[in-house]
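Below is a brisk report on one protein model. Keep the viewer open while reading.

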Amino acid sequence: MTIDALAATAAAPTGMYSSTTTTRTPKQSMDSEVFMSLLVKQLQNQDPSSPMDTNAMIAQTTQLAMMEKLTEMATASEEGFSLQMRTSATALVGETVTYTDADGVEITGLASSVSFAGPVPTVTVNGEPVALDVISGVTRPTDTDDAAVAKDPAESTTAA
């Protein structure tokens, strides 16, 4: 009689004294550590009668340096984008913004504050947190009192 592997695993004890094996999750990106370990393994396991060509070794070392610089550039680009999102979100405070909620309803309201707690800044509109990337429009609020003061500043100083 054969035992199905899934049945055997399902029947294994899962109590306090049973052992569990953890599986290693492979890296999804190559960093300089992986690249260097590959180069070292390649040097350790090379054929002594025909060693690695020095030009090939220099090319691989150059590739490592290029990879490190590209990684630095990608990090700098991500940081720049994050800063740009924060600046854009901050500029919305005091403005009238429009966004579409989860039900597909378009809502317009005054942006009163910004939070940078998550990966995408959150703008508070009418007391509700709204992700920056959901906001679809911005308009300046019209205030007749501010417009009157701006048109005739002499009048406001004489009244005081």
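## Overall build

This is a predicted model. Of its 160 residues, 14% count as buried. The protein exposes about 12600 Å². Carbon and sulfur atoms supply 59% of that area.

The protein has 5 helices and 5 strands. Reading from the N terminus, the order is α-α-α-β-β-β-β-β-α-α. Among contacts with a separation of 6 or more, 42% join residues 24 or more positions apart.

## The sheet

The 5 strands form an open sheet. Their order is 4-3-2-1-5, and the pairing is antiparallel. Strand 4 (128–131) and strand 5 (135–139) are the edge strands, each pairing on one side only. From one strand to the next, the twist averages 45°. Strands of a sheet pair through backbone hydrogen bonds, in either a parallel or an antiparallel way.

Strand 1 spans residues 96–100. Its antiparallel pairing with strand 5 runs over 4 bridges. One detail helps to place this pair: Y99 has I135 of strand 5 as its bridge partner.

## A loop residue with positive phi

N126 lies in the loop between strand 3 (122–125) and strand 4. Its phi is positive, at about 55°, although N126 is not a glycine.

## The nonpolar core

The largest nonpolar core has 11 residues. They are M85, A89, L92, V97, Y99, A111, V123, V125, V130, L132 and I135. Helix 3, strand 1 and strand 3 each supply at least two residues of this core. The bridge partners Y99 and I135 are both core members.

A111 also belongs to this core. What does A111 contact, leaving aside its neighbours within four places in sequence? The partners are L92, V93, G94, E95, V97, V123, T124 and V125. Of these, L92, V97, V123 and V125 are also listed in the core.

## A65 on helix 3

A65 sits in helix 3, which covers residues 54–91. Is A65 buried or exposed? Neither label applies, because its relative accessible area is 39%, while buried means under 20% and exposed means over 50%. A65 is therefore partly exposed.

A65 and S32 are 33 residues apart in sequence. In space, their C-alpha atoms are 8.4 Å apart.

Notes:
Residues numbered from 1 in each chain as written. Predicted model: local features only at pLDDT ≥ 70, side-chain atom pairs only at ≥ 80, totals over all residues. Heavy atoms only, no water. Buried < 20%, exposed > 50% of the residue type's maximum accessible area, 1.4 Å probe, protein only. Contact = heavy atoms within 4.5 Å. Areas by Shrake-Rupley, 256 points an atom, 1.4 Å probe, with all protein chains shown as cover. Pairing = 2+ DSSP bridges. Axes fitted to C-alpha atoms, helices over the stretch in contact; angles between N-to-C directions. Core = buried A, V, L, I, M, F, W, Y, C linked by side-chain atoms within 4.5 Å.
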